[in-house]
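Trainee: Got a minute to walk me through this one? I'd like to start with the contacts.

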Amino acid sequence: MDPIKLTIDGKEVATTKGKNLIEVAAEIGIDIPHYCYHPKLSIAGNCRMCLVEIERMPKLQIACNTPVGEGMSVLTQSPKVLAIRKAVMEFLLVNHPVDCPICDQAGECWLQDYYMQHDLQGSRFQERKEHDRKREVFGPNVVFDGERCIKCTRCVRFFQEITRTNELAVVNRGDHSTIALFPDTVLDNPLSGNVVDICPVGALTDRDFRFKVRVWYLQKTPSICPGCSTGCNVSVETYQNRIARFKPRINEAVNSHWLCDEGRYCFHDLTGGERLNTPMIRQEGGLVPTTWDKALGAVLNGLRGAMPLAGILSGRNTNEEAFLFAKLMKRLSPDCALEVFYQERELSEVQKILMSPDRSPNFRGAREMGVSSNGGFEPLMRKLCESHFSGAYVVGEDLLGMDNDKDWIRQALQKLSFLVVQDIRMTETAQLAHVVLPSTHFGEKEGTYTNRNGRVQKLNVATIAPEGAMQDHEIFIRLLDAAGERVSYSTPAEIFDALANEVPAYRGLTYTAIGEQGIQSGDGQDSHDR
Amino acid sequence: MEKILLRNIDVPDSHTLAVYSSRGGYRPWEEVVKNITPERLIEEVKASGLRGRGGAGFPTGMKWSFVPKDSPKPKYMVCNADESEPGTFKDRLLIEKDPHAIIEGTLMAAYAIQSHTAFIYIRGELVFGANILERAVDEATQAGYIGKNILGSGYDVDVIVHRGAGAYICGEETALLSSLEGGRGWPKVKPPFPATHGLFGCPTVVNNVETLAALPWIIEHGAAAYAAIGTEKSKGTKLFSVSGHISKPGVYELEMGYPFMKFLQEDCGGVSNGRKLKGVIPGGGSMPVLRPDELEKVNLDYESVQAAGSLLGSGGVIVMDDATCMVRAAWNLARFFAHESCGQCSPCREGCHWMEKIFHRIEQGEGRKGDLELILNVSGNIMGNTICPFGDAAAMPAAAFIKKYREEFEEHIAQKRCTVRME
Amino acid sequence: MALEFSPETYKKFEETVARYPRKEAALLPVLCLAQKEFGHLGQEAIEYVAQLMGQSPARVCGVVSFYTMLNTKPIGWHHIQICRTLPCALRGAEKLTSFISKTLGIEVGQTTADGRFTLSEVECLASCGTAPMMQINDDYYENLTDDKVTEILASLK
């Protein structure tokens, strides 16, 4: 690692050989404007927006492809540089359509942003603009607008270098150059949505998000994707208390800059539908609304009288919730069967780039918290179907939503003498329950998930739960209390610090240390999993 | 003047090995491959002062010396036969009439950098020339000048004739390499440079046809003999392609430093049809035009033409008489560059077409006040800010025509029509 | 796939690929081979070549669309390509183009109804000293006059 010293805008910088100017400048807080450069893709050098002045070099140089040199003196704000940025902006806008009022990118468009920061001049172009395809559906998730495209080729390079699926190419020459799919093909690979993120302009936009809401109205909450146990870092972006979209957050230890399509859109299924807003209890004729006191009392009585017990927790419940659930169930029945929902499926090569084969983001955390007794979820389900249990407490999963063995499971559930279901909707499973408790989904929770590789990451509350629903951890604390165990903690932060004392792999970890990038459990050291 | 490059072309069947051999052909190659080390060869070519004849004029020996000798990667030698610069047709003449000189030069260049695979990238339109080259390569292979253990020297080299498919930009060396790699003719960002990361990321040298064709003579007669011709910094001879409003168009070989006016008036017979000279482009369509009053002291060498505000380039001399509408001429070239821009980087992709649109509007009689300043400004914004020199090639002539014929442009705008008539 | 190389052309394809140090470098010559065989490089032809070369059809499309000599649409039996760049323009290329256009009854970019001729304008063909000139398929026709052109067109069946 050869050390190099150079100057950028008069500031002396110590760095290492092999880095390029744009990286090093960013490290000291100097953001050189750019379009085609992306830290995870090969260098294209075609936008020319990052041209900077280097003393003793007659021509301006692109910062993205200039390796740092000993004694280099770089100017990013000289008159020449400021002038060329205006010139490049003018060139990029020559054929750009005045689409801002109808373009989803408005508010997060790099042409708009750089115009405001570096240009603020009118265009002198007074000729006929070139036209291209607009609103071309590339695939289930991506729409293309050729006129807005600035040919930075980030999308082409993404499919060449990251997914290696090569669906997109630049076709034609000169100012007829455009991005295209081969005729009769569809852009539907499992990571296709990422090009919407990396497109700096509104050329590639998200079909799901199209025209939903202006981005400046969005509230952005850092959280973790609940899709699978990879635990991709996301920004949950909401408007009027509803999730409008997911965007990936950068975390080099987990998902780098990317998010898979399944995860990106999973919030629809996980949060939609009519919400439960009152506890319900089974009486003659069916399930009727009741009070929390009555419901929780019925739960304890019912479970105590229905041994042996099984407890099934959703993979989307947090460590804090899992910790309390295990404590509660073991108090009721020390040898009860406890498992976290876990099913695997085959993944394609492209899916394997990001995805894990399960749909249980916190299966590892839950198991480490004690929701693990019977050697696995499938064996427990088999035992359930063999009528091994008399009572069951099912949290956050619709067991009748599983495709296989639906009839077996239904019969088994109906045979139970007591069934509690805690969920956000009246699922098919809930319809068979004796008591139904309304709870929250991942977007309404604060807490932690531990991903497949042992990384502990934080969820934050992005939307407020409907009135009448109660947080899962609160339900468990109340039940523990009613069962005779009063705990000293009540918030997720307090619960985490408590569990850190009891669970060996989490010893030494504190809630505050988790931050927005997470921390590694186990030996407590941060490792780069991906 | 002793002809170097055109020494064979007037001999019947000069393109055959039989004739080429009978005139001493391939004996310099034999000498090189058997008795001269690559290092010595590079030194000899450096000493000759030979500079690249494609347009850039870079010292050939120095270019070869940038290839790292101990690189474990295979090295590639490429002969750039993609001649597409407007006004240039000298390489075509050599290809059709003296292909063996090109092949012999390519072999020497390959040997100098210890490459075992040489390509001749020829533009696809030159079908006749490509066929001749392929036949010549076959002849040379059969005679043992190409292939394995050449003439018992232990050196191997293969020569592959590769045809382009219609793109001026593929004459730019990194675009040529992109094309040769089986892709779009997109120039590559530098660094890295072709000498270390060229074809397939391996050390590569690209030389022009005319540059390579000079090598056999240089080896046969010695670097000093070559360096004795020409001027202090522009050594040897150069081929000039003369076209346009000239009495005797064609390819001429001159010693570097030959007076430009003398060349036009005497050797080329002066402006055709008894008309007067209005302007001449000295080095191919990318180079700034020169007015007659600017030609007095200009000699045909790199330094003299540069001092006059233009560049020697490919030596494509385009002559325009006083019936030429300079607005239309400028538009014609702007249209050429707009058509040939590869479209990769923003100043060239958008700027070339922008300039073409403005020129066209002016030419059609719809010019506006401020148009000329705008073209000059756009041209200035393109220059030096693109991935490759194509941007400069498009920008320079646009600016030069306006600067040199400003009054005519202004008249054309004011009168909304051409005030001269073009042939 | 309906479109395929004939056995002889397939052999040429194999020989071509074998000449190059890397297979991908043979793409342009293979595309020219395909164009000769199939007449033009339509969607099927591009898919076929992409499959032969082990590349994505989108990428091959990108290459085909870059080069002017590769045609994605069918053209006439004789492709008349008139040079329009400055040196030829100075020596009457425009008048020549008008003449040919009138003679054949088609505009630049069009093909005659009987499919015999397609008329195109192209850029510099490295024949500036013998301007005005044109290329028809593989052959250059130089130092053209109206009479010469009439003769040439008549001779082409």
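Trainee: How many residues do chain B and chain C each bring to the contact?
Mentor: Chain B brings 59 residues and chain C brings 38 residues. Contact means heavy atoms within 4.5 Å. This is a predicted model: local features need pLDDT of at least 70, side-chain atom pairs need pLDDT 80 or more, and totals for chains, interfaces and linings use all residues. Residues are numbered from 1 along each chain as its sequence is written, chains are lettered from A and ligands numbered from 1 in the order written, and side-chain values use heavy atoms, without hydrogens and water.

Trainee: What area is buried there?
Mentor: About 4000 Å² between chain B and chain C, with 58% from carbon and sulfur atoms. Buried area is the accessible area (1.4 Å probe) that two parts lose on being put together, summed over both.

Trainee: How many salt bridges between chain B and chain C?
Mentor: Three. A salt bridge is a side-chain nitrogen of Lys or Arg within 4 Å of a carboxyl oxygen of Asp or Glu. R92(B) and E142(C) form a salt bridge, at 3.1 Å from N to O.

Trainee: Which element of chain B gives the most to the side touching chain C?
Mentor: Helix 13 of chain B, with eight residues. Helices (H or I, at least four residues) and strands (E, at least two) are DSSP runs, numbered from the N terminus. The residues on that side of chain B are 29 nonpolar, 17 polar and 13 charged. Here Ala, Val, Leu, Ile, Met, Phe, Trp, Tyr, Cys and Pro count as nonpolar, Asp, Glu, Lys and Arg as charged, and the others, Gly among them, as polar.

Trainee: New topic. What is chain B built from?
Mentor: Chain B has 17 helices and 10 strands. Its radius of gyration is 22 Å, close to the 22 Å that the globule rule gives for 423 residues, so chain B is as compact as a globular protein of that length. That radius is taken over C-alpha atoms, and the rule is 2.2 Å times the number of residues to the power 0.38.

Trainee: What share of chain B is buried?
Mentor: 68% of the 423 residues. Buried means under 20% relative accessible area (1.4 Å probe, protein chains only).

Trainee: And chain C against chain A: what area do they bury?
Mentor: About 930 Å², 65% of it on carbon and sulfur atoms. Q43(C), A58(C) and F66(C) supply 47% of the area that chain C buries there.

Trainee: How many salt bridges across that interface?
Mentor: Zero between chain C and chain A.

Definitions and conventions
Buried means under 20% relative accessible area, exposed over 50%, partly exposed in between (1.4 Å probe, protein chains only).
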